[in-house]
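Hi,

Here is the structure I said I would send over. Have a look at it first, then read my notes underneath.

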Amino acid sequence: MEDAMYVAEKIREPAQINAVALKAYARVVDAWGLSLKEAAGLADMSESTWKRAKKPDFAGELTKDQLLRLSAVIGIFKSLELYFSEPVARSWFTRPNTGPLFGGGRPVDTAIDGGLPQILAVRTYLDALRGGA
């Protein structure tokens, strides 16, 4: 039992949390086919920082805002995968959308422009769709 506690404590180290979040975020970015500029903008990083951050040996720090962004984007990805079938789930975030949050724009662009509040709004919007609210 002590071993499990030790492992649980180790996983809570910020560097490890960052590594897990960045790896998952990189998978989402690839699945959606986002450009380097889009992926960096969504994570609130410079393009050069994102290039470094997606490498397994990245030792840089993430701000709380960046970590929240990554977490929310991963949540958006999961919601889309649960709510829609494969081709729509993978393209929804990068296709023009007439929904109330997007005004005909692409969700990815509104998320980059609106920052964390918009990313969280998109996540809430999708959770409501999924929940039938």
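Below is what I found, starting with the overall picture and then going through a few spots.

First, keep in mind that this is a predicted model. The protein has seven helices and zero strands, so from the N terminus on you just read α-α-α-α-α-α-α. Of its 133 residues, 35% count as buried. If you take the contacts between residues at least 6 apart in sequence, 55% of them join residues at least 24 apart.

Now for how some of the helices pack. Two packed helices are described by the angle between their axes and the distance between the axes. Try that on H2 (residues 14-32) and H5 (residues 64-83): their axes come within 9 Å and cross at roughly 45°. Because of that angle, H2 is oblique to H5. The crossing in which H2 passes H5 is left-handed.

Which residues of H2 and H5 meet? On the H2 side they are Ile-17, Asn-18, Ala-21, Leu-22, Ala-24, Tyr-25, Val-28, Ala-31 and Trp-32. On the H5 side they are Leu-67, Leu-70, Val-73, Ile-74, Ile-76, Phe-77 and Leu-80. By class, this contact of H2 with H5 has 15 nonpolar residues, one polar and no charged ones. While you look at those lists, it helps to know that an α-helix has 3.6 residues a turn, so residues three or four places apart point the same way.

H5 also packs against H3 (residues 36-43). The axes of H3 and H5 come within 8 Å and cross at roughly 115°. From H3, Gly-41, Leu-42 and Ala-43 make the contact, and from H5 it is Gln-66, Arg-69, Leu-70 and Val-73. By class, the contact of H3 with H5 has four nonpolar, two polar and one charged residues. Leu-70 and Val-73 turn up in the H2 list and again in the H3 list.

Staying with H3, the buried residues there are Glu-38, Ala-39, Ala-40, Leu-42 and Ala-43. Just after H3 comes Asp-44, with a positive phi of about 60°. Asp-44 is worth a click, as this is a positive value in a residue other than glycine. Where does Asp-44 sit? It is in the loop between H3 and H4 (47-53). Asp-44 has a relative accessible area of 43%, so it counts as partly exposed.

Last stop: H7 (residues 107-131), where you will find Gln-118. Is Gln-118 buried or exposed? Its relative accessible area is 15%, and therefore it is buried. The side chain of Gln-118 reaches the backbone oxygen of Leu-101 at 3.3 Å. There is also a polar contact of 3.1 Å between the side chains of Gln-118 and Thr-110. If you leave aside its neighbours within four places in sequence, Gln-118 is in contact with Leu-101, Phe-102, Thr-110 and Ala-111.

Gly-114 lies in H7 too. With 34% relative accessibility, Gly-114 counts as partly exposed. How far apart are Gly-114 and Leu-42 in sequence and in space? They are 72 residues apart along the chain, and 9.6 Å apart in space from C-alpha to C-alpha. Leu-42 is one of the H3 residues that contact H5, and it is buried.

Have fun turning it around on screen!

Cheers

How values were computed:
Residues numbered from 1 in each chain as written. Predicted model: local features only at pLDDT ≥ 70, side-chain atom pairs only at ≥ 80, totals over all residues. Heavy atoms only, no water. Helix = DSSP H or I, 4+ residues; strand = E, 2+ residues; numbered from the N terminus. Buried < 20%, exposed > 50% of the residue type's maximum accessible area, 1.4 Å probe, protein only. Polar contact = N/O pair within 3.5 Å; in protein donor to acceptor, adjacent residues only side chain to side chain. Contact = heavy atoms within 4.5 Å. Axes fitted to C-alpha atoms, helices over the stretch in contact; angles between N-to-C directions. Parallel < 35°, antiparallel > 145°, perpendicular 65-115°, else oblique. Left-handed = near helix turned anticlockwise from the far one by under 90°. Nonpolar A, V, L, I, M, F, W, Y, C, P; charged D, E, K, R; others polar.
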